[in-house]
Amino acid sequence: MARRQSRRIQICMNAACEYDYCMTSLQIREIPEELHRRLKARAALEGQSMSEYVLRELRRSLDIPTRQEMMERIAALDRIEVTESPADAVRAIRDAR
């Protein structure tokens, strides 16, 4: 009986991890009290647990590309050939008005 239950638990755990991802935990130590209070207050204002709030903010911060990622994106852009001076281009736009 115990062996059958153990097998069921193992099957359930395997099924749980077959989603697109398995959740994991992150523990942060030595958070200054002031920072902890601010996180807790902001989470409360958003109607979220502190864990939900911090996870959202962490995702948001990772959506911002790093300097290296931005440089790689810029390097991947096609170069364009400028045939007229900026002053001539501005003058042409103004004259067209």
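What follows is a chat about a predicted model of a protein.

Reader: Okay, starting from zero. How many helices and strands are there in the protein?

Author: There are five helices and zero strands. Read from the N terminus on, the elements go α-α-α-α-α. And remember that this is a predicted model.

Reader: What share of the residues count as buried?

Author: Just 2% of the 97 residues count as buried. The accessible surface of the protein adds up to about 10100 Å², and 54% of that belongs to carbon and sulfur atoms.

Reader: Is Tyr-53 buried or exposed?

Author: Tyr-53 is buried, because its relative accessible area is 6%, and the cut-off for buried is under 20%. You'll find Tyr-53 in helix α3. Its C-alpha atom is 7.9 Å from that of Leu-39, and those two residues are 14 residues apart along the chain.

Reader: Switching to α2. How far apart are its end C-alpha atoms?

Author: They are 20 Å apart. That agrees with the expected span, since the 14 residues of α2 should span 20 Å at 1.5 Å a residue. Just after α2 comes Gly-47, with a positive phi of about 70°.

Reader: Which residue other than glycine has a positive phi?

Author: Glu-30 has one, with phi near 60°. For background, most residues other than glycine have a negative phi. Glu-30 sits in the loop between α1 (2–16) and α2 (33–46).

Reader: And is Glu-30 buried or exposed?

Author: Glu-30 counts as exposed, because its relative accessibility is 80%.

Reader: Now salt bridges. How many does the structure hold?

Author: The structure holds six salt bridges. One of them joins Glu-33 and Arg-37, whose closest N and O atoms are 3.8 Å apart.

Reader: Why are Glu-33 and Arg-37 separated by about one helical turn?

Author: Because they are four residues apart in helix α2. An α-helix has 3.6 residues a turn, so residues three or four places apart point the same way. As for their surroundings, Glu-33 counts as exposed at 62% relative accessibility, while Arg-37 counts as partly exposed at 47%.

Reader: Which salt bridge links distant parts of the chain?

Author: Arg-56 and Glu-46 meet in a salt bridge, at 3.4 Å from N to O. The pair links distant parts of the chain, with Arg-56 in helix α3 and Glu-46 in helix α2, 10 residues apart. Both are partly exposed: Arg-56 has a relative accessible area of 25%, and Glu-46 has 45%.

Reader: What about Glu-57 and Arg-60?

Author: Their side chains also meet in a salt bridge, at 3.5 Å from N to O. Both residues lie in helix α3, three residues apart, or about one turn of the helix. Glu-57 is partly exposed with a relative accessible area of 26%, and Arg-60 is partly exposed with 45%.

Reader: Which residues are linked in a network of salt bridges?

Author: Glu-46, Arg-56, Glu-57 and Arg-60 are linked that way. In general, side chains of opposite charge can pair when their charged atoms come close.

Reader: New topic: which residues make the nonpolar surface patch?

Author: Leu-26, Ile-28, Ile-31, Leu-35, Leu-55, Leu-58 and Leu-62 make it, and the patch covers about 670 Å². Helix α3 (residues 50–63) gives the most to the nonpolar patch, with three residues.

Reader: Where is Leu-26 found?

Author: Leu-26 is in the loop between α1 and α2. It counts as exposed, because its relative accessibility is 67%.

Reader: Last thing, pockets. How much space lies in the largest pocket?

Author: About 670 Å³ of space lies in the largest pocket. Of the 20 residues that line it, the closest to its centre are Ile-28, Met-50, Ser-51, Val-54 and Leu-55.

Reader: And which helix gives the most to that lining?

Author: α3 does, with eight residues in the lining of the largest pocket. α2 and α3 each supply at least two residues of that lining. Two of the names come up twice here: Ile-28 and Leu-55 are in the nonpolar patch, and they are also among the residues closest to the centre of the largest pocket.

Technical notes: Residues are numbered from 1 along each chain as its sequence is written. Side-chain values use heavy atoms; hydrogens and water are left out. Buried means under 20% relative accessible area, exposed over 50%, partly exposed in between (1.4 Å probe, protein chains only). Patches are made of residues with over 30% relative accessible area and no salt bridge: like charges are joined within 9 Å, nonpolar side chains (Val, Leu, Ile, Met, Phe, Trp, Tyr) within 5 Å. Accessible areas come from the Shrake-Rupley method with a 1.4 Å probe; for residues, only the protein chains shown count as cover. A salt bridge is a side-chain nitrogen of Lys or Arg within 4 Å of a carboxyl oxygen of Asp or Glu. The expected span of a helix is 1.5 Å times one less than its number of residues. On a 1 Å grid over the protein atoms alone, a cavity is a set of points where a 1.4 Å probe fits but cannot get out, and a pocket is an open set with protein on both sides within 12 Å along at least five of seven lines; lining residues have an atom within 4 Å of a point. Grid points are joined across faces, edges and corners, and a volume is the space filled by probe spheres set on the points.
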